[in-house]
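Please read the following report with the sequence and the three-dimensional view side by side. It goes through the strands, the surroundings of the ligand and some points of backbone geometry.

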Amino acid sequence: MPYDLAPGATIGILGGGQLGRMLAVAAAKLGLKTHVYAEKAESPALDVASSRTVAAFEDRETLAAFASSVDLITYEFENIPFHTASFLADLNLTRPSPATLAICQDRLREKEFLASVGAEFASYARVDDAGALARAVAQVGRQSILKTRRSGYDGKGQILLREGADLAVTFCALGGVPAILESIVPFEMEISVVAARGPDSSFAAYDVAENIHENQILKSTRVPARLPPEISAAAIQLTRRIAEALEYSGVLAVEMFVVRNGERRELRVNEIAPRVHNSGHWTLDGAVTSQFEQHVRAIAGWPLGETGRLRTQYGEYWEMKNLIGEDVLLWPEILAERNTHLHLYGKAEIRAGRKMGHFTRIIDPD
Ligand code: ADP
Ligand code: MG
């Protein structure tokens with residue numbers, strides 16, 4: 001068989017969030033089974049998996065049993081402990097590789113990797129203690145954000161440096177953990193490229209997404225981004241270079257800032273997500289192949305699907321809006337909208353800042 005998996009095989013998914021849930025549904029559509037390994041019993045992906053394990057990511061005995069029950073392992077978020085991923089990779093095929101995870105889950109290593117591929121990004125300095133923060137401020141400037149090296153998501157693990165703020169207090173407020181200080185990028189637009197690379201080096205990208213964040217959480221995405229074609233092409237090329245250098249298998253997203261330099265527009269990479277990404281949710285309804293199906297195809301060693309947009313031949317855009325916290329209470333109204341696709345993640349408890357669902361629709365050109 002030329003492929004690594006055949007229908008009927010089982011994909012192990014580490015992590016039980018909404019990304020895992022949508023991956024499991026996409027796998028089922030292709031006749032594959034999934035085994036979700038989540039740390040909490042109330043995880044959204046457990047509802048739709050063929051088999052489930054609820055245990056800590058440090059529980060080696062349970063991890064080994066999980067590895068032997070599946071044909072391939074992937075993950076739906078990058079903050080899986082590295083030793084968990086490498087333990088599993090010794091027991092079974094793991095895509096993307098633990099080496100990729102090690103880079104993308106540590107903001108410092110990620111920056112060093114980005115430098116090695118010639119990508120541009122915000123200036124930064126390493127901060128291991130309060131003293132280093134003072135030196136970092138002297139180097140990077142006050143217009144900056146202190147970010148934990150690890151475990152950040154949806155703006156968690158970040159503090160904007162305020163004018164006159166006490167640096168020791170700021171360092172402690174972030175937990176006193178290893179961090180980086182990053183200069184604030186005066187961006188014109190935030191974008192992302194969601195793309196897939198197969199184990200045979202095949203590559204396919206979706207159109208560039210234009211992203212709006214509120215309180216450092218993605219609020220909405222519009223595709224294609226309103227950029228000159230050469231900038232969009234450059235963003236996709238850069239993503240390809242990153243995927244190649246990582247010898248990546250699966251879907252990844254590269255978040256970037258577009259900055260103005262006089263007449264020119266330039267790209268600054270923000271971060272790499274080694275997984276399906278919130279800014280790719282529009283593909284569930286708006287692309288020939290969804291990012292979730294694409295990830296399954298890529299890790300299974302199957303041919304990548306078409307990434308073209310659906311039903312937008314007259315200059316319309318696909319729009320995705322997140323339902324964050326109490327936004328989800330609007331579900332009856334969204335359901336009543338014509339031509340709007342509602343997706344709910346089945347999370348019982350509404351919390352401020354929690355991603356509860358999203359919807360997609362086509363919007364007219366402005
Ligand atoms: P997370 O892992 O939480 O997504 P990010 O580093 O992507 O962390 O930060 C979340 C958001 O905060 C970004 O999408 C952007 O809107 C804003 N942000 C982060 N870093 C910078 C920066 N250096 N300059 C300007 N905005 C930033
Ligand atoms: Mg981000």
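## The parallel sheet

In this predicted model, strand S1, which covers residues 10–14, is paired with S4 in the parallel sense, and 4 bridges connect the two strands. One residue pair can be named for this pairing, since Ile-11 has Leu-72 of S4 as its bridge partner.

Both strands belong to an open sheet of 4 strands, which are arranged in the order S3-S2-S1-S4 with parallel pairing. At the edges of this sheet lie strand S3 (51–54) and strand S4 (72–75), each of which pairs on one side only. When direction is ignored, neighbouring strands of this sheet are turned against each other by 20 degrees on average.

## The antiparallel sheet

An open sheet with antiparallel pairing is also formed by 4 strands, and their order is S5-S8-S6-S7. Here the edge positions are taken by strand S5 (124–127) and strand S7 (158–160), each pairing on one side only. The average turn between neighbouring strands of this sheet, again with direction ignored, is 20 degrees.

Within this sheet, S5 and S8 run antiparallel and are joined by 4 bridges. Arg-126 takes part in this pairing, with Ile-180 as its bridge partner in S8.

## Surroundings of ligand 1

Which residues come nearest to ligand 1? Of the 20 residues around the ligand, these are Lys-147, Gly-155, Glu-190, Asn-270 and Glu-271. By class, the shell consists of 6 nonpolar, 7 polar and 7 charged residues. Domain 2 (123–183) and domain 3 (189–363) each supply at least three residues to the shell around ligand 1.

Several side chains place polar atoms at short listed distances from oxygen atoms of the ligand. For Glu-190, a polar side-chain atom lies 2.5 Å from an oxygen atom of ligand 1, and for Lys-147 the corresponding distance from a polar side-chain atom to a ligand oxygen atom is 2.6 Å. In the case of Gln-158, an N or O atom of the side chain is 2.9 Å from an oxygen atom of ligand 1. Taken alone, ligand 1 exposes 540 Å², and the protein buries 91% of that area. The elements that contribute two or more residues to the shell are strand S6 (144–148), strand S8 (179–183), strand S13 (250–261) and strand S14 (264–273).

## Backbone geometry in the loops

Where are cis peptide bonds found before proline? One of them joins Arg-95 and Pro-96, with an omega of about -10 degrees, and Pro-96 has its place in the loop between helix H3 (82–91) and helix H4 (98–104). Another is the peptide bond from Val-223 to Pro-224, which is cis with omega near 0 degrees; Pro-224 is found in the loop between strand S12 (217–223) and helix H8 (229–245).

A further backbone feature concerns Asp-154, which has a positive phi of about 45 degrees although this residue is not a glycine. Asp-154 lies in the loop between S6 and S7, two strands that are listed next to each other in the order S5-S8-S6-S7 of the antiparallel sheet.

Terms used: Residues numbered from 1 in each chain as written. Chains lettered and ligands numbered in written order. Predicted model: local features only at pLDDT ≥ 70, side-chain atom pairs only at ≥ 80, totals over all residues. Heavy atoms only, no water. Near = heavy atom within 4 Å. Polar contact = N/O pair within 3.5 Å; in protein donor to acceptor, adjacent residues only side chain to side chain. Areas by Shrake-Rupley, 256 points an atom, 1.4 Å probe, with all protein chains shown as cover. Nonpolar A, V, L, I, M, F, W, Y, C, P; charged D, E, K, R; others polar. Domains from an automatic or database assignment. Pairing = 2+ DSSP bridges. Axes fitted to C-alpha atoms, helices over the stretch in contact; angles between N-to-C directions.
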